[in-house]
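Visitor: I am new to this structure and would love a close look at one helix. Could you take me through it slowly, and show me where it sits in the whole?

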Amino acid sequence: MATMADVARSAGVSVATVSHVLNGTRPVLPHTRQAVLDAVEELGYTPNTLARSLVTARTRSIGLAVSAISNPYFTEILQGVEAAALEAGYSLLIADPHDDPEHERKVVQLLHERRVDGVIVAPSADPRGLLAYLGRHEVPAVFLDRLVDGPGTDGGPRFDQVCADNAEPTSRLVAHLAGLGHRRIGLVAGRPGLSTTSERISGYRSALAFAGLAYDGRLLVHGDSESAGAEQATEALLSLGVPPSALVTGNNAMTIGVLRTLRAHGLSVPDDIALCCFDDFAWADLFSPRLTAIAQPGRDIGARAVQVLLERLAEPDRPARTVRLPCAFVHRTSCGCPSPSEEGTPS
């Protein structure tokens with residue numbers, strides 16, 4: 001098996017130069033760097049990651065805690081994280097916290113004990129245990145998709161955060177339905193306590209006010225971000241004396257639950273009830289009717305989270321920041337429009 005000394009000898013450089021090329025610890029002249037890389041390729045040299053981590057106190061690994069199994073949207077984020085981590089030369093350890101606060105803290109602790117250099121987490125609705133652990137152990141962390149309250153001493157966020165816009169895109173869905181003449185627009189919102197839920201509710205209410213529509217608390221129900229919860233929430237809306245003529249759903253899982261309940265009641269979309277969704281997904285264009293939706297940049301959110309974490313590792317003392325990425329409005333037919341544009345435009 002080739003050693004670093006063999007690479008140095010073949011490239012005609014010192015072992016220290018080989019180390020600087022492979023670890024990126026010091027600038028090396030382009031022709032020297034290429035000579036080292038050519039020697040690595042020719043000899044089939046594989047760096048000893050364990051030995052390197054003992055010297056640098058870095059494992060070049062990232063921990064990711066997202067509920068990818070129970071929430072298809074996070075699968076897109078996972079793909080973005082994985083691609084960006086691989087491109088940067090980092091391996092990825094993945095854990096599913098199941099949106100449970102206690103399990104969330106445990107899986108992040110397990111990732112930390114595996115000596116990951118930092119963690120990327122989609123926090124639960126009650127992240128107090130998680131925040132306490134990260135703060136106590138000074139774990140470099142980036143929160144994605146969901147923001148965490150609790151500013152630092154300077155009034156800014158305590159941790160780096162990456163997410164999509166939520167309020168304005170939701171307002172756009174509601175405004176679109178109001179523009180079509182709907183006066184009773186229901187919202188099937190996500191799990192209480194999540195920043196995504198509260199921001200989308202805020203967008204819903206602001207759009208109603210802008211359209212001159214009175215807010216009716218009975219038209220806002222929680223589907224707890226899951227299909228089964230959305231089924232029960234939709235049942236509650238349909239049982240009202242004057243049910244809504246249009247619905248906005250808070251994520252893709254709840255959209256499935258809403259559609260299932262509407263079908264069970266023999267209701268047709270959009271003839272009997274119009275529907276717009278937060279979260280586009282691969283098969284949204286295959287439904288009949290095709291779903292008008294807000295598309296989140298899941299892969300970009302994941303990739304940006306990796307970038308922000310690596311910047312945090314390089315500059316541990318810089319102020320934390322919140323990065324928001326724009327969504328896109330994808331206009332199809334479930335809203336009831338006869339001839340919608342099928343191209344998404346930035347929200």
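**A close look at helix α9**

Guide: Let us start with the whole. The secondary structure of the protein comes to twelve helices and 13 strands; helices (H or I, at least four residues) and strands (E, at least two) are DSSP runs, numbered from the N terminus. This is a predicted model, in which local features need pLDDT of at least 70, side-chain atom pairs count only at pLDDT 80 or more, and totals for chains, interfaces and linings use all residues. Residues are numbered from 1 along each chain as its sequence is written, and side-chain values use heavy atoms, leaving out hydrogens and water.

Along the principal axes, the C-alpha atoms of the protein fill a box of roughly 80 × 45 × 35 Å. Of its 347 residues, 49% count as buried, where buried means under 20% relative accessible area, exposed over 50%, and partly exposed in between (1.4 Å probe, protein chains only).

Now for your helix. Helix α9 covers residues 195–210, which makes 16 residues. From its first C-alpha to its last it reaches 22 Å, close to the 22 Å expected at 1.5 Å a residue; the expected span is 1.5 Å times one less than the number of residues.

Which residues of α9 are buried? They are Ser195, Thr196, Thr197, Glu199, Arg200, Ile201, Gly203, Tyr204, Ala207 and Leu208. As you follow that list, keep one rule in mind: an α-helix has 3.6 residues a turn, so residues three or four places apart point the same way.

The buried residues of α9 pack against one helix, α8 (167–179), and against the strands β6 (185–189), β7 (220–222), β9 (274–278) and β11 (322–325). After α9 comes Gly212, whose phi is positive, near 75 degrees.

To place the helix in its wider setting, look at the interior. The largest nonpolar core has 69 residues, and those with the most contacts inside it are Ile120, Leu144 and Ile185. Such a core is a set of buried Ala, Val, Leu, Ile, Met, Phe, Trp, Tyr and Cys residues joined through side-chain atoms within 4.5 Å. Helix α5 (residues 72–87) supplies the largest share of this core, seven residues. A second, separate core of 17 residues includes Val108, Leu130, Val139 and Phe143.

Finally, consider contacts, meaning heavy atoms within 4.5 Å. Among those in the protein between residues at least 6 apart in sequence, 67% join residues at least 24 apart.
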